[in-house]
Amino acid sequence: MGKPTGFLEFERVKETYAPVEERVRHFGEFVPTLTLDEAKQQGARCMDCGIPFCNNGCPVNNVIPDWNDLVYRGNWEQAIRVLHSTNNFPEFTGRICPAPCESACTLGINAAPVGIKSIERAIIDRAWEHGWVKPLPAAVKSGKQVAVVGSGPAGLAAAQQLARAGHAVTVFEKNGRVGGLLRYGIPDFKLDKSVIDRRMAQMEAEGVTFKVNTLVSSDQDLPKGVTNDATTVVTPAELEAQFDAVILAGGSETPRDLPVPGREFSGIHFALEFLIPQNKAVAGDGANGINAQGKHVVVIGGGDTGSDCVGTSNRHGALSVTQLEVMPKPPVEEDKPMTWPYWPLKLRTSSSHEEGCVREFAVSTKEFIGENGKLTALKLVKVEFKDGKLTEIPGSEFELKADLVFLAMGFTQPLAKVLDSFGVEKDPRGNIKATTDGAGCYATSVPKVFAAGDMRRGQSLVVWAIREGRQCAREVDQFLMGSTVLPR
């Protein structure tokens, strides 16, 4: 806890944003880290609630009251040690996690919850600034080699844990830089990529080897909408022959399509076909791809990826941006007695929405309309729940002008061709079948091959990927050595 009476004395300290007219002119981050005084006041609000539900609300089980108290008392160096004990990459979660811990905060029952996420970011940003984040190489090497396929948060977490346990770890990434969708799917205005680079440098100093532009598969023909910059292909058989264990930790990259009439018109793109080239351009790895300047943009899908398309379109100078969601508009405030301490259903407005966006709820796309092979509009219809099903409302059809459409309706499964090339058993959703409980956690049906993150659980949050990477690393260490001291 922080100050015993702090939750009565202080209001929640909200993070500030740079003005809209300023931030839409660049792709840099625009949310400053809390000052020392702001972080101390925020930490002071952590109450002596008896049962800290925030710990369980957080997938990595961060020891939140402890580091809130340490920040309140000014013991920042100890705070980062406590934070790192459960989370390898708090600089990622402190920027892009939706903070389920805050939804579980006891203070949030009848007041604004503690700003846990902003404190977390303040701790790690200060730790980097003062040089408290150092490489932690293993004192004794095991002589075992582990391959990690995928360099997103699950793969990076597993790799770092195993390297610190003394194993020689090689991470394989099919694209040109390390980070997976952290680097290529999330715009720089939400996560500056130098944040990934400095952590990668730490991991290299700990003995992790990164091999980029390398696809691990027996089939190079990947689905439309999946970026693949690989110049080298390694087969699963080669990995299994060279390494003592293999972890499959790639993302859920197969985008959900919208097969309605007119889908063939030009101007309709999967979200990552828009976001990835933009991120590469910011990094100096190529020219901009799709440009939304002066265009009427429609984003189909109301989640985070759709919001990223909105923010990127506004920075391009789009003429208009509209985001469509098939589900009804959620309430502005959640029903706390019904949902606390779980993730609530409520209207969430991102910083990208605030920069300029019309949001349409309870609408479905019936048809793409075009001329001479080029998109010009969408034919939409209002929908409602009737007898438990979404049903079109008769006579509610309307058209919406559109020059560009971005499909941001989520991802259905990991790359089937990669999974099939390893021969692992899959669950009914097309993910790798592997349990997280009992003997053989995270082990696949193929000997010495393990799975973690989106490849095992499906599309999910960065914080869940970090959790699974850490837990999978423990199971691999146990498999290789017969015992383990890595935390679960």
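Does Arg198 count as buried, partly exposed or exposed, and at what relative accessibility? In this predicted model, Arg198 has a relative accessibility of 27% and therefore counts as partly exposed, since the class in between begins where buried, at under 20%, ends, and exposed requires over 50%. The residue is found in helix H12, which comprises residues 194–205. Leaving aside residues up to four places away in sequence, Arg198 touches Glu91, Asp125 and Trp128. Arg198 can also be placed relative to Val133, from which it is separated by 65 residues in sequence and by 9.9 Å in space, taken from C-alpha to C-alpha.

From this helix the reader may turn to an open sheet of five strands, whose order is E3-E2-E1-E6-E18 and whose pairing is parallel. Its edges are formed by strand E3 (209–211) and strand E18 (449–451), each of which pairs on one side only, and from one strand to the next the twist averages 20°. At the E18 edge, strand E6 (residues 245–248) pairs with E18 in the parallel sense over three bridges, and Val246 stands opposite Val449 in E18. Helix H10 (residues 153–164) packs on this sheet, where it touches strand E1 (145–149), strand E2 (168–172), E3 and E6, and the direction of H10 makes about 165° with that of E2.

Parallel pairing is also found among strands E9, E10 and E11. Strand E9 (residues 296–300) runs parallel to strand E10 (residues 320–325), and the two are joined by five bridges; within this pairing, Val297 has Val321 of E10 as its bridge partner. Together with helix H15 (residues 304–316), E9 and E10 make a β-α-β unit that is right-handed. E10 in turn pairs with strand E11 (residues 358–361), again in the parallel sense, over four bridges, and here the bridge partner of Gln323 is Arg359 in E11.

A last element to consider is helix H20, which consists of 20 residues, 462–481. At 1.5 Å a residue a helix of this number of residues should span 28 Å, and because the end C-alpha atoms of H20 are 29 Å apart, the expected and modelled spans agree. Of the 20 residues of H20, 14 are buried, so the helix is largely enclosed by the rest of the structure. H20 is followed by Gly482, which has a positive phi, near 85°.

Terms used. Residues are numbered from 1 along each chain as its sequence is written. This is a predicted model: local features need pLDDT of at least 70, side-chain atom pairs count only at pLDDT 80 or more; totals for chains, interfaces and linings use all residues. Side-chain values use heavy atoms; hydrogens and water are left out. The expected span of a helix is 1.5 Å times one less than its number of residues. Buried means under 20% relative accessible area, exposed over 50%, partly exposed in between (1.4 Å probe, protein chains only). Contact means heavy atoms within 4.5 Å. Two strands pair if DSSP finds at least two bridges between them. A crossover is right-handed if, with the strands pointing away from the viewer, the path from the first strand over the helix to the second runs clockwise. Axes are lines fitted to C-alpha atoms, for helices over the stretch in contact, and angles run from 0 to 180 degrees between N-to-C directions.
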